[in-house]
Every structure is written in C-alpha cells, then in structure tokens.
Amino acid sequence: MVSNQSLVYALNPNARARLNTVLMGSMFLGGAIGSDVAIADWTNAGWLAVAAVGGLVSAVAVALQVRRS
C-alpha cells in the first residue's frame, strides 16, 4: 500500500518522505505501547490476559475495517 502512494496520492518526493516518517513513527510507537501493555497484563494476570487483550484489539480492528468498507 505504501509503495503505491506516488500513484494513488500523486505526492512529490518530500511529501512521501514525510508520510513514510509518520507511518514508521506510528508503527514504532504502537509496538512500544503494545509491548508495555502486554508486559503489564502478563505480570498481573498471565498469558490469558495477554491473549484476551490481543484478541480484543484484533476484534476492534476487524470491526473498524468492516465498517469502513
């Protein structure tokens, strides 16, 4: 999806670079927050809590994607 952004959005190279920076930054931040939440869940309630939170986040993502399309 990101590799086609020059065709889809007709962006100049500087705008694509900024868009990629925001994308990579948000992916890093999301991974860091997710890891922190998983560690807190695991230390407090074990693997079942980690799996439950992961399943809940996945279900919300699927619901938002289905709603969008």
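This is a short tutorial dialogue on reading the features of a predicted model.

Student: Where should I begin with this chain, and which secondary structure elements does the chain have?

Tutor: Welcome! The secondary structure comes to three helices and zero strands, and from the N terminus on the elements run α-α-α.

Student: What is the mean pLDDT of the chain, and which helices have the lowest and highest values?

Tutor: Since the model is predicted, that is a good thing to ask early. The mean pLDDT of the chain is 84, and 84% of the residues reach 70 or more. Among the elements, helix α1 (residues 5–9) has the lowest mean, 62, while helix α3 (residues 47–68) has the highest, 92.

Student: How do I describe two packed helices?

Tutor: In general, you give the angle between their axes and the distance between the axes. Here, take helix α2 (residues 13–45) and α3: their axes come within 7 Å and cross at roughly 140°. That makes α2 oblique to α3, because angles count as roughly antiparallel only when they are over 145 degrees. As for handedness, α2 passes α3 in a right-handed crossing.

Student: Which residues of α2 and α3 meet?

Tutor: On the α2 side you will find V37, A38, D41, W42 and A45. They meet W47, A49, V50 and V53 in α3.

Student: I see two tryptophans in that list. How is a pair of aromatic rings described?

Tutor: By the distance of the centres and the angle of the planes. A search of the whole structure finds one aromatic pair. The pair is W42 and W47, with ring centres 5.9 Å apart and planes at 55°, so the pair is tilted.

Student: Are W42 and W47 buried or exposed?

Tutor: W42 counts as partly exposed, at 45% relative accessibility. W47, with a relative accessible area of 63%, is exposed, because exposed means over 50%.

Student: How much of the chain is buried?

Tutor: Buried residues make up 9% of the 69 residues in the chain.

Student: Could we practise on some other positions? Where is G34, and how far is its C-alpha atom from that of V53?

Tutor: Happily! G34 has its place in helix α2 and is partly exposed, with a relative accessible area of 39%. The C-alpha atoms of G34 and V53 are separated by 9.8 Å, and these two residues lie 19 residues apart along the chain.

Student: And where is A52, and how far is its C-alpha atom from that of D41?

Tutor: A52 is found in helix α3 and counts as partly exposed at 48% relative accessibility. A52 and D41 are eleven residues apart along the chain, with 9.6 Å between their C-alpha atoms.

Conventions:
Residues numbered from 1 in each chain as written. Predicted model: local features only at pLDDT ≥ 70, side-chain atom pairs only at ≥ 80, totals over all residues. Heavy atoms only, no water. pLDDT = per-residue confidence, 0-100. Helix = DSSP H or I, 4+ residues; strand = E, 2+ residues; numbered from the N terminus. Phe/Tyr/Trp six-rings, centres within 6.5 Å; stacked < 30°, edge-to-face > 60°. Buried < 20%, exposed > 50% of the residue type's maximum accessible area, 1.4 Å probe, protein only. Axes fitted to C-alpha atoms, helices over the stretch in contact; angles between N-to-C directions. Parallel < 35°, antiparallel > 145°, perpendicular 65-115°, else oblique. Left-handed = near helix turned anticlockwise from the far one by under 90°. Contact = heavy atoms within 4.5 Å.
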